[in-house]
Amino acid sequence: MDDWPILYRNVLHVKDPRNPVGVSVMWTERQAVAKILDGVNYCAIGNLYSSAGISAMIRNIYANPVLRKIVLWGADLSRSGQALLALMQNGVDDDFFIIGDEKKGQIEKEIGRDAIKKFRESVEVINLRGKPVSNLVST
C-alpha cells in the first residue's frame, strides 16, 4: 500500500491504509480532526469540499479494497456530504448526475455505471454530520 492514495496524496492525512474506515470531514480542518482522533485507528482523513471530489473518493477507494466505511463528519458548507449520501441512496441518472443531489453534482463518466453500483453496494457511509465530536471518536 506504499502507492496509496492514488489521488490527493499530498492532502489526505493517511494513518493506516490497511484500516477499513476512512473519515471525510468536508470543510472541517483535517489536521484538527487528526489530533482529535490521535488515539483512534483509521485509514485516512480527507476533505470533501464539493461533489466533484466524490469521483476522486471512488477512485481512491477502488485503489484500496480494504476501505469499506466512510464516516462523514464536520461542516457541510457546500452540501458535498448531502451529495455523497444522495449518491449512496439513489445512484446516478443517465448523464451521471447524482439523483437527489441539491447541487446537481456529477460523477465522472469514465468511472462507469457498474463501478458506481459496486461502490454503492460495498461501501457504507456513516452520517455523523451535525453530531458532536464524541460521536466521531466513538464510531
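In the predicted model, Ser 24 is located in strand S2. With a relative accessibility of 3%, Ser 24 counts as buried, since the cut-off for burial is under 20%. Apart from neighbours within four places in sequence, the contacts of Ser 24 are Gly 46, Leu 48, Met 57, Ile 70, Val 71, Leu 72 and Trp 73.

A second serine, Ser 80, belongs to helix H3. Its relative accessibility is 0%, and Ser 80 is therefore classed as buried. When residues up to four places away in sequence are not counted, Ser 80 touches Met 26, Leu 48, Tyr 49, Ser 50, Ser 51 and Ile 54. Leu 48 is thus listed among the contacts of Ser 24 and also among those of Ser 80.

Met 57, a contact of Ser 24, and Ile 54, a contact of Ser 80, both appear among the buried residues of helix H2. The buried set of H2 comprises Ile 54, Ser 55, Ala 56, Met 57, Ile 58, Asn 60 and Ile 61. These buried residues pack against S2, strand S4 (69-72), H3 and H4.

Tyr 49, which is touched by Ser 80, also takes part in an aromatic pair with Trp 27. The count of aromatic pairs in the model comes to 1. The rings of Trp 27 and Tyr 49 are arranged edge-to-face, with 4.7 Å from centre to centre and 65° between the planes. Trp 27 is placed in the loop between strand S2 (21-24) and helix H1 (30-36), whereas Tyr 49 is placed in the loop between strand S3 (44-46) and helix H2 (53-63), so the pair ties together parts that are 22 residues apart in sequence. Both rings belong to partly exposed residues: the relative accessible area is 40% for Trp 27 and 41% for Tyr 49.

Helix H3 (residues 80-90) also meets helix H4 (residues 113-122), and the two axes come within 9 Å and cross at roughly 100°. H3 is therefore roughly perpendicular to H4. The contact of H3 with H4 involves 4 nonpolar, 2 polar and 1 charged residues. On the H3 side, the participants are Leu 87, Met 88, Gln 89 and Asn 90, and on the H4 side they are Ile 116, Phe 119 and Arg 120.

A further arrangement involves Arg 113, a residue within the range of H4 (residues 113-122). The charged end of Arg 113 sits over the ring of Phe 96, at 4.5 Å from the ring centre.

Technical notes. Residues numbered from 1 in each chain as written. Predicted model: local features only at pLDDT ≥ 70, side-chain atom pairs only at ≥ 80, totals over all residues. Heavy atoms only, no water. Phe/Tyr/Trp six-rings, centres within 6.5 Å; stacked < 30°, edge-to-face > 60°. Helix = DSSP H or I, 4+ residues; strand = E, 2+ residues; numbered from the N terminus. Buried < 20%, exposed > 50% of the residue type's maximum accessible area, 1.4 Å probe, protein only. Lys NZ or Arg CZ within 6 Å of the ring centre and 35° of its normal. Axes fitted to C-alpha atoms, helices over the stretch in contact; angles between N-to-C directions. Parallel < 35°, antiparallel > 145°, perpendicular 65-115°, else oblique. Contact = heavy atoms within 4.5 Å. Nonpolar A, V, L, I, M, F, W, Y, C, P; charged D, E, K, R; others polar.
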